[in-house]
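User: I am new to reading protein models. Please take me through this one in short questions and answers.

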Amino acid sequence: MTLVKFRPGLRNEMFNRQIQKHFDLFNDLAWNRTASYVPRVEIFEDEDKFSVNVEAPGMNKNDFKIKFEDHVLTIEGEKKAAEGREKKNIHLNERYYGGFKRAFTIPGEIDVNKISAEYKDGILSIELNKAEEEVKKEREIKIG
């Protein structure tokens, strides 16, 4: 039987290498150029309404589909790559493209007949007016 001298740092070093491998894999996936586009969202509440702002530069209003059903606001869309992009020698690409779907639970009662949306300067703004009592539960919202 061979005796091996105990080295407390060796075990920690092996564990740290395994953990680092997982973080490296996560970083590779997170910064992969083929990753889907996920717009950033801001939601805030006033006395009479909820406001939702979605950062989506480079899109137009026809790229979005917005739906409100059972207290859930769903925003779907697709950010398309620029035309002729595949023909160029790209040295650096930090822009993301692709489809996305975001869903947010909105508390309280919302008057679905008074929901409005507008897309201007790369920001999709949605206003959900509060209702005094429960009204119709579902509506697809057109961007004005």
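**A hairpin and its surroundings**

User: In the hairpin of S6 and S7, which residue takes a positive phi near 55°?

Analyst: Strands are DSSP runs (E, at least two residues) and helices are runs of H or I (at least four), both numbered from the N terminus. The hairpin of S6 and S7 leaves two residues between its strands. Most residues other than glycine have a negative phi. Here the residue with a positive phi is Asp121.

User: What is the mean pLDDT of the chain?

Analyst: The model is predicted: local features need pLDDT of at least 70, side-chain atom pairs count only at pLDDT 80 or more, and totals for chains, interfaces and linings use all residues. Residues are numbered from 1 along each chain as its sequence is written, while side-chain values use heavy atoms, with hydrogens and water left out. pLDDT is the predictor's confidence in each residue, from 0 to 100. In this chain 69% of the residues reach 70 or more, and the mean is 81.

User: Which element has the highest confidence?

Analyst: Start at the other end of the scale. Helix H1 (residues 8-30) is lowest, with a mean of 61. The highest mean, 97, belongs to S7.

User: Does Asp121 count as buried or exposed?

Analyst: Buried means under 20% relative accessible area, exposed over 50%, and partly exposed in between (1.4 Å probe, protein chains only). Asp121 lies in the loop between strand S6 (116-120) and S7. Its relative accessibility is 72%, so Asp121 counts as exposed.

User: Over how many bridges do S6 and S7 pair?

Analyst: Two strands pair if DSSP finds at least two bridges between them. One partnership joins Lys120 to Ile123 in S7. S6 and S7 run in the antiparallel sense, and their bridges number five.

User: Along S6, which side chains point to one face and are buried?

Analyst: The side chains of this strand alternate. Ser116, Glu118 and Lys120 point to one side and are not buried. On the opposite face, the buried ones are Ala117 and Tyr119.

User: Which residues does Gly144 touch, not counting residues up to four places away in sequence?

Analyst: Gly144 sits in the segment after S8 and is exposed, at 69% relative accessibility. Its C-alpha atom is 7.5 Å from that of Tyr119, 25 residues away along the chain. Contact means heavy atoms within 4.5 Å. By that rule, Gly144 touches Lys61, Ala117 and Glu118.

**The whole chain and its core**

User: How many strands are there in the chain?

Analyst: Read the elements from the N terminus: α-β-β-β-β-β-β-β-β. There is one helix. The strands number eight.

User: Which residues of the largest nonpolar core touch the most other members?

Analyst: A nonpolar core is a set of buried Ala, Val, Leu, Ile, Met, Phe, Trp, Tyr and Cys residues joined through side-chain atoms within 4.5 Å. In soluble globular proteins, nonpolar side chains tend to be buried together. The largest core here has 24 residues, and those touching the most other members are Phe64, Phe68, Leu73, Ile75, Leu124, Ile126 and Leu128. At least two core residues each come from S2, S3, S4, S5, S6 and S7.

User: What percentage of the residues in the chain are buried?

Analyst: The chain has 144 residues. Contacts within it often span long stretches: at a separation of 6 or more, 63% join residues 24 or more positions apart. The buried share is 28%.

**Charged pairs**

User: How far apart are the closest N and O atoms of Lys130 and Glu45?

Analyst: A salt bridge puts a side-chain nitrogen of Lys or Arg within 4 Å of a carboxyl oxygen of Asp or Glu. This rule gives four salt bridges. Lys130 and Glu45 form one of them, with the closest N and O atoms separated by 2.5 Å. The two residues link distant parts of the chain: Lys130 is in the loop between S7 and S8, Glu45 is in S1, and their separation is 85 residues.

User: Which residue forms a salt bridge with Lys80?

Analyst: Side chains of opposite charge can pair when their charged atoms come close. For Lys80 the closest N and O atoms are 3.2 Å apart, and the partner is Asp63. Lys80 lies between S4 and S5 and its partner between S2 and S3, so the pair ties together parts 17 residues apart in sequence. At 17% relative accessible area, the buried partner is Asp63.
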